[in-house]
Amino acid sequence: MIEAEWWDYDSVDELADAVAGDVGFIIESALDARDSALIAVPGGSTPVPIFANLTKAKMNWRKVTVVPTDDRLVPVENDLSNAKLLARSFLPSGARVIPIATSIDDYKLAGNSADARLQDLPWPPDLVWLGMGKDGHTASIFAGPDLQDALDAPKARRAVGVMPDPLPPEAPVARVTLTRAAILSARTILVTITGQDKRDLLEQAIADGHSSKLPIGRVLAEAEQPIDIHWCP
Ligand SMILES: O=C1O[C@H](COP(=O)(O)O)[C@@H](O)[C@H](O)[C@H]1O
């Protein structure tokens, strides 16, 4: 059973303030301890106001590397690109942003390429920050033919390519994602979600643990570290 602590806020603004503070603290602690920080952060819409608050923090951003937990296989100029969001959010502060998606058509090969990029980074990440879709996917670990690959990849494997099935209507494309092993290797894991529907889904996924039908339940069931879940309606 995972050790999950819920942090509830009344509004997105309050959540954004608090999570930006926590992530800033994690980065500062890594800079103090190792003189560099590596964080993996989600895409989508939930983190946007948090990024805005976080990047106002004064710290040595030049020593901070930011990677997406996952990305959609689209050109980096496309609005669906998580790398585009990270570049827009973090590059002005001076952080290094490493995209993991490529223009390779074969999504499995794109997964190999994402893995190779991540193999060049000092591991483990100081933080893996996860979001969750309405269908219970996290990072881009989705239901579909590649679910087991992403869940069962060996410890050394950091990313794989996946084809969600069904394809989510808001972004109906193949993806690359951190594996479960890569997510769980992080020094700290936190989750941000909004809305009662997602809360109900995540509570159920956590309760079901290993037998959860939802990818996020299967990922978190194996976590050895305590996990903070930040939520607002
Ligand atoms: O597709 C994705 O969706 C999830 C959730 O996004 P949200 O917009 O509902 O917050 C996100 O965590 C993931 O990184 C992204 O690629």
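1. A residue is taken as buried here if 20 or more other C-beta atoms lie within 10 Å of its own, and as exposed if 12 or fewer do. Pro 164 counts as buried because 25 C-beta neighbours fall inside 10 Å. The model is a predicted one, and the points below should be read with that in mind.

2. Pro 164 belongs to the loop between β7 and β8. Leaving aside residues up to four places away in sequence, Pro 164 touches Phe 142, Gly 144 and Arg 175. The C-alpha atoms of Pro 164 and Arg 180 are separated by 16 Å, the two residues being 16 residues apart along the chain. The loop between β7 and β8 also holds Pro 166, and the peptide bond that joins Asp 165 to Pro 166 is cis, with omega at about 5°.

3. A second cis peptide bond deserves a look alongside that one: Trp 123 and Pro 124 are joined in this way, with omega at about 10°. Pro 124 is found in the loop between α4 and β6, the latter spanning residues 127-130.

4. The strands on either side of the Pro 164 loop take part in an open sheet of 3 strands, whose order is β4-β8-β7 and whose pairing is antiparallel. The edges are formed by β4 (70-72) and β7 (159-162), each of which pairs on one side only. On average, neighbouring strands of this sheet are turned by 15° against each other, when direction is ignored. Strand β8 covers residues 175-178 and is joined to β4 by 3 bridges, the two running antiparallel; within this pairing, Asp 71 stands opposite Val 176 of β8. Helix α4, made of residues 107-119, lies across β7 and β8 and runs at about 160° to β7.

5. A parallel pairing is found elsewhere, where β2 and β3 are joined over 5 bridges. Ala 40 has Val 67 of β3 as its bridge partner, and Val 41 stands opposite Pro 68, likewise in β3. Both strands are mostly covered: in β2, 5 of its 5 residues are buried, while in β3 the count is 4 of its 5 residues. The side chains of β2 are worth checking in the viewer, since Ala 37, Ile 39 and Val 41 point one way from the strand and Leu 38 and Ala 40 the other way, all of them being buried.

6. Helix α3, residues 82-90, is mostly covered as well, with 7 of its 9 residues buried. These buried residues are Asn 82, Ala 83, Lys 84, Leu 85, Leu 86, Ser 89 and Phe 90, a list in which Lys 84 appears beside Leu 85, Leu 86 and Phe 90. The elements covering the buried residues of α3 include β2 (37-41), α2 (48-54), β3 (64-68), β4 and β5 (96-97). The helix is thus covered in part by β2 and β3 of the parallel pairing, and in part by β4.

7. Two residues that are not glycines have a positive phi, and their surroundings may be set side by side. Asp 35, with phi of about 65°, is placed in the loop between α1 (12-34) and β2, and Asp 35 counts as exposed because 9 C-beta neighbours lie inside 10 Å. Ala 139, with phi of about 45°, lies in the loop between β6 and α5 (147-152), and Ala 139 is buried because 33 other C-beta atoms are within 10 Å.

8. Around the ligand there are 14 residues, of which the closest are Pro 42, Gly 44, Ser 45, Thr 46 and Gly 131. By character, this shell divides into 4 nonpolar, 9 polar and 1 charged residue.

9. As for the record, an unreviewed UniProt entry carries the annotation "domain: Glucosamine/galactosamine-6-phosphate isomerase" over residues 12-223. Across residues 12-223 the model is 39% helix and 16% strand, and the C-alpha atoms at the two ends are 27 Å apart.

Methods. Residues numbered from 1 in each chain as written. Predicted model: local features only at pLDDT ≥ 70, side-chain atom pairs only at ≥ 80, totals over all residues. Pairing = 2+ DSSP bridges. Axes fitted to C-alpha atoms, helices over the stretch in contact; angles between N-to-C directions. Contact = placed C-beta atoms within 7 Å. UniProt positions renumbered as here; feature names shortened; annotations may be inferred. Near = placed C-beta within 6 Å. Nonpolar A, V, L, I, M, F, W, Y, C, P; charged D, E, K, R; others polar.
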